[in-house]
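Got a minute to look at a protein with me? I'll ask how we know things, and the answers will show the reasoning.

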Amino acid sequence: MNSEKELELINNYTRKPLKAEDVYTFTVTLCDNEIDRDFECFSKQSIETLKNLFVGKTGISDHSMRSKDQAARIYHCYIESDPTKKTSKGEIYTALKAKAYTVITDSTKTLIDEIDGGIKKEVSIGCAVSKITCSICGKDMKAHECSHIKGRRYKGVLCHGILEEPTDAYEW
């Protein structure tokens, strides 16, 4: 636990006030503006919107919606850019980072040990977007306005979808 302010943010989500010794906090990268394995990436504006949508969202195992698979909760999000690192598109790398917590119990000990040991470090997110813009023609792929296929190259340029206008964040 880094500060009383963080504990105050965490206690916005609890039914009873927790003390610093009750919680384990960690940072996670939720998403970024790099093209992923689905040949999609978030625009910088989408990352900015998601920053607000993900606060309070639950970390779950394997996108399972069962309550027993809930493991952590986000209490703060922020954007981090690295001007020394460029994406495959040549943009400054920008990521949405989150501060999350879990309650320290016998049942969370293994999770905490795996986070600290670098085993559990990657996450995927569940969210909704209104628009997926084609990187080739600029039309909305979600509305089936273009015929380009993500992952294919057109005149040497990789086609990918740019995820835009997020409307909701579900989980991570």
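Q: How much area does the protein chain expose, and what share of it do carbon and sulfur atoms supply?
A: This is a predicted model, and its protein chain exposes about 10200 Å². Carbon and sulfur atoms supply 48% of that area.

Q: What makes Cys 31 count as buried or exposed?
A: Buried means under 20% relative accessible area. Cys 31 comes in at 7%, so Cys 31 is buried.

Q: And how do you know which label Cys 41 gets, buried or exposed?
A: The cut-off is again under 20%. Cys 41 has 1% relative accessibility, so Cys 41 counts as buried too. Across the 172 residues of the protein chain, 38% count as buried.

Q: How many disulfides does the structure hold?
A: Zero. Take Cys 31: the nearest cysteine sulfur belongs to Cys 127 and lies 7.0 Å away. A disulfide needs two cysteine sulfurs within 2.5 Å, so Cys 31 is in no disulfide.

Q: Why is there no bond between Cys 41 and Cys 31?
A: The sulfur of Cys 41 has its closest cysteine sulfur in Cys 31, 10 Å away. Set against the 2.5 Å limit, that is too far for a bond.

Q: What does the protein chain look like in helices and strands?
A: There are three helices and nine strands. Along the sequence they run α-β-β-α-β-β-β-α-β-β-β-β.

Q: What size of box do the C-alpha atoms fill?
A: Roughly 55 × 35 × 25 Å, taken along the principal axes.

Terms used. Residues are numbered from 1 along each chain as its sequence is written. This is a predicted model: local features need pLDDT of at least 70, side-chain atom pairs count only at pLDDT 80 or more; totals for chains, interfaces and linings use all residues. Side-chain values use heavy atoms; hydrogens and water are left out. Helices (H or I, at least four residues) and strands (E, at least two) are DSSP runs, numbered from the N terminus. Buried means under 20% relative accessible area, exposed over 50%, partly exposed in between (1.4 Å probe, protein chains only). Accessible areas come from the Shrake-Rupley method with a 1.4 Å probe; for residues, only the protein chains shown count as cover.
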